[in-house]
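Work through the exercises below with the sequence and the model side by side, and try each task before you read its solution.

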Amino acid sequence: MFRRIKNRFLRYFIIFLYFIIIFFCSIELNFLWLFGYAPDMNEIKNPVMSLSSEVYYADGTLIGRYYKEDRSPVELKDISPDITHALVATEDARFYQHGGVDFFSFFTSILSTAKGEKRGGSTITQQLAKNLFETRKRKSQGIIRHVPLIRTIVYKCKEWLTAYKIEHVYSKDDIITLYLNTVPFGNNSFGIKTATLKYFNKTPDKVNADEAATLIGMLKATSTYNPINNPEHSTERRNVVLGQMLKYDYLSQAEYDTDIEKPLTLDLSHKDDENNGDSYLREAVERWLKKWCRDNDYDLYNDGLKIYTTIDPRLQHYAELAVAEKMKMLQNRFNDLWGKKNPWRDLSGNEIVDFIPKNEQRLPIYALLQRKYNYNSTLIDQYFEKPKKMKVFTWHGERDTTFSTIDSIKYYAKLLNTGMMTLEPSTGKIKVWVGGINFKYFNYDHVNQAKRQPGSTFKPFAYVTALDNGFTPCDKFTDKFVSIKYTDGGREQVWEPKNATYSFSGEDMSLRHAMGASINSITAQVTQQVGWDKVVQYAHKCGIESPLKSVPSVSLGSSDVSVYEMVRAYSTFLNKGVKIDPILVTKIVDQDGNAVAQFDLKSQQVLSEETAWLMLYMFRGGMDEPGGTSQALWEYPGLWKKDNQIGGKTGTSSGFVDGWYMGITKDLVTGIWVGADDRSVHFTNSDTGEGSHTALPIFGDFMQRVYADPNSGYTWGPFPKPWVKITKEYDCPSPREDVDSLTDSLRAPIDTEAIKPGTTPAHLDTTVQQLPKN
């Protein structure tokens with residue numbers, strides 16, 4: 001075919017053109033998978049830009065974001081002209097003259113490179129093709145990527161093709177806008193808005209010429225010309241950009257002379273939510289939405305969603321303050337208790353001698369060290385004993401120190417942690433979520449990831465089983481020694497529970513008195529009569545989802561559960577016997593403002609209204625009954641105004657390992673767990689380690705702060721009156737005995753505002769003060 005062309009030079013030229021056409025077609029079609037992916041016209045028209053998703057409190061204030069690239073797109077009208085002028089003058093002076101590829105600039109850059117003056121020839125459109133469609137990323141490469149020179153030619157040709165497609169679809173202004181919204185500016189800042197906020201605490205429309213020059217100057221090398229890390233190089237590069245703006249008449253000589261003399265001035269005060277990005281709440285929302293994202297094909301880290309939660313920022317703040325104040329005090333108490341002794345002990349009080357080696361073996365690096373040192377334990381020990389500089393968590397802020405790995409294990413093992421959740425049962429909305437004392441150092445969430453033995457906070461499930469099966473709050477049992485035979489795994493077993501006082505009074509007590517004072521022997525008898533299988537059934541019915549071992553001790557909290565489950569189950573009592581699925585997220589909106597999900601309350605009636613109300617009456621026994629385990633709340637006078645009523649239950653697992661408090665007001669249910677992450681680290685006695693001394697004070701402090709705020713939305717008040725006619729006997733107050741003044745002196749101060757006319761507050765009655773109960 002080509003031989004018909006007599007002119008040899010013309011023939012060769014046409015052959016070359018054919019080759020070029022075939023070459024570009026092969027690239028576009030990815031012939032034989034040689035050239036890799038190239039975006040088609042549909043992808044050019046609908047580019048997928050990685051956008052951060054944002055998560056908000058119930059009032060619309062920002063909690064944090066999810067992102068792989070920290071980016072917030074803006075429109076051209078919201079970008080200062082100085083930014084676009086600096087960009088065009090520096091990166092592509094002929095931008096408005098070419099159609100995507102500037103061959104004049106390309107060939108002159110080749111000549112400059114040949115002379116030793118390295119200069120780029122890519123247009124803004126080509127750079128956009130590379131940034132937005134990742135034409136040089138591995139997924140865009142074909143087999144030919146293994147051939148160095150050809151690979152570079154293919155990259156460049158692919159950018160040319162993509163650039164022509166972009167110019168065909170978009171206007172010049174659109175291209176500038178897309179470019180500025182996708183280009184990286186260092187420090188994990190993608191897009192012009194994120195960059196202007198990070199470096200100057202300004203929105204893009206407020207940036208002046210010298211600030212614009214600083215930002216655009218970074219595009220040549222974001223590390224070398226980073227104004228934070230390399231201010232001198234950044235200033236030099238800024239001045240070069242200002243010179244380009246003067247050269248192409250975007251600045252007058254006077255403006256140039258003024259701007260070039262300005263010092264580099266940054267404003268780094270903008271908070272870019274990095275701390276919120278590392279919060280228990282943010283992580284909880286991500287876990288909450290994991291299934292929804294998978295089922296609906298959304299990516300939190302790329303799709304620019306807006307997620308609205310149920311968390312009340314006021315209550316969350318008060319909870320975090322209460323946790324910080326009380327946990328700091330508890331840590332001091334724990335340190336004073338153990339002094340220089342190691343607290344990792346078994347339940348008999350003996351130190352666990354292999355505690356440190358076992359913790360070393362749990363570290364992710366341990367397996368690597370075994371391979372590196374060929375399983376030489378001496379060399380591995382030397383690595384763990386070598387001191388290193390590090391930052392550690394303290395209740396007085398981060399502290400720089402020098403610790404070996406062993407020092408670090410010992411230090412963190414002694415720190416107490418907590419989990420706290422507050423729920424509004426009437427709406428199902430979670431109002432507070434505190435997963436621990438510090439997310440940066442303790443990632444594990446103690447609300448719904450950690451599960452621990454709940455101790456006596458589990459007893460109400462034995463009592464609700466009884467009330468729902470013929471018993472009344474006034475039915476009496478004797479506090480006495482109990483021995484229960486049962487079969488576990490085919491083996492005959494005997495369970496003989498002890499009271500917290502290690503004694504039995506022989507006293508006849510109503511069920512309300514027994515639950516309020518947390519009498520183990522009576523709980524055991526109730527469990528025996530209703531059946532432990534049925535107690536497990538009712539616990540699951542109320543909202544516990546964890547597996548529960550069906551044994552007599554289940555009623556005393558021998559199975560592990562989460563704070564989340566306990567709050568959910570307790571909410572059933574305040575919610576008229578209706579079990580709910582708590583809501584953490586109310587709605588999700590996409591980047592175009594369309595609501596893509598709405599989360600409504602799911603509920604199920606699992607208890608009669610009569611049984612639910614009777615349980616609320618039982619919970620008040622912790623404050624009203626002799627020896628009630630919630631009576632330490634009298635120490636918080638801000639709780640006892642306007643006839644306020646509070647119900648609750650303390651809990652402590654064996655060996656004072658776990659301390660719990662479940663608190664109920666007329667509106668809210670709150671659950672709190674306190675303990676060390678390793679179960680072998682714990683308090684040693686009831687005065688320091690019971691739930692009434694660890695978790696309860698956090699609840700008291702929290703609710704006192706909530707009530708003190710008139711704008712919190714929650715105030716004092718009595719529990720609801722019966723929702724239906726109560727057919728069972730329940731009004732049977734327990735008799736109280738006089739005690740000496742020494743016992744009285746241990747009681748809380750009097751809050752005169754809490755005293756109703758003609759009545760005596762429960763904490764002023766003369767009562768027999770027993771040792772703290774579980």
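**Exercise 1.** State the mean pLDDT of the chain and find where the pLDDT is below 50.

*Solution.* The mean pLDDT, which is the predictor's confidence in each residue from 0 to 100, is 87 for the chain, and 84% of its residues reach 70 or more. Over residues 135-139 the value is below 50, and this stretch has 15 contacts (heavy atoms within 4.5 Å) beyond near neighbours in sequence. Residues 738-773 also fall below 50, with 60 such contacts in the model. The model is predicted, so local features need pLDDT of at least 70 and side-chain atom pairs count only at 80 or more, while totals for chains, interfaces and linings use all residues. Residues are numbered from 1 along each chain as its sequence is written, and side-chain values use heavy atoms, with hydrogens and water left out.

**Exercise 2.** Compare the expected span of helix α10 with the distance between its end C-alpha atoms, then describe its surroundings.

*Solution.* Helices are DSSP runs (H or I, at least four residues), numbered from the N terminus. The expected span is 1.5 Å times one less than the number of residues, so the 17 residues of α10 (231-247) should span 24 Å, and the end C-alpha atoms are indeed 24 Å apart. Its buried residues (under 20% relative accessible area, 1.4 Å probe, protein chains only) are S234, R237, R238, N239, V241, L242 and M245. Their cover includes α3 (81-91), α9 (209-218) and α11 (253-260). Just after α10, D249 takes a positive phi of about 65°.

**Exercise 3.** Is F13 buried or partly exposed?

*Solution.* F13 is found in helix α1 (residues 8-29). Because its relative accessibility is 46%, F13 counts as partly exposed (from 20% to 50%).

Key: Helices (H or I, at least four residues) and strands (E, at least two) are DSSP runs, numbered from the N terminus.
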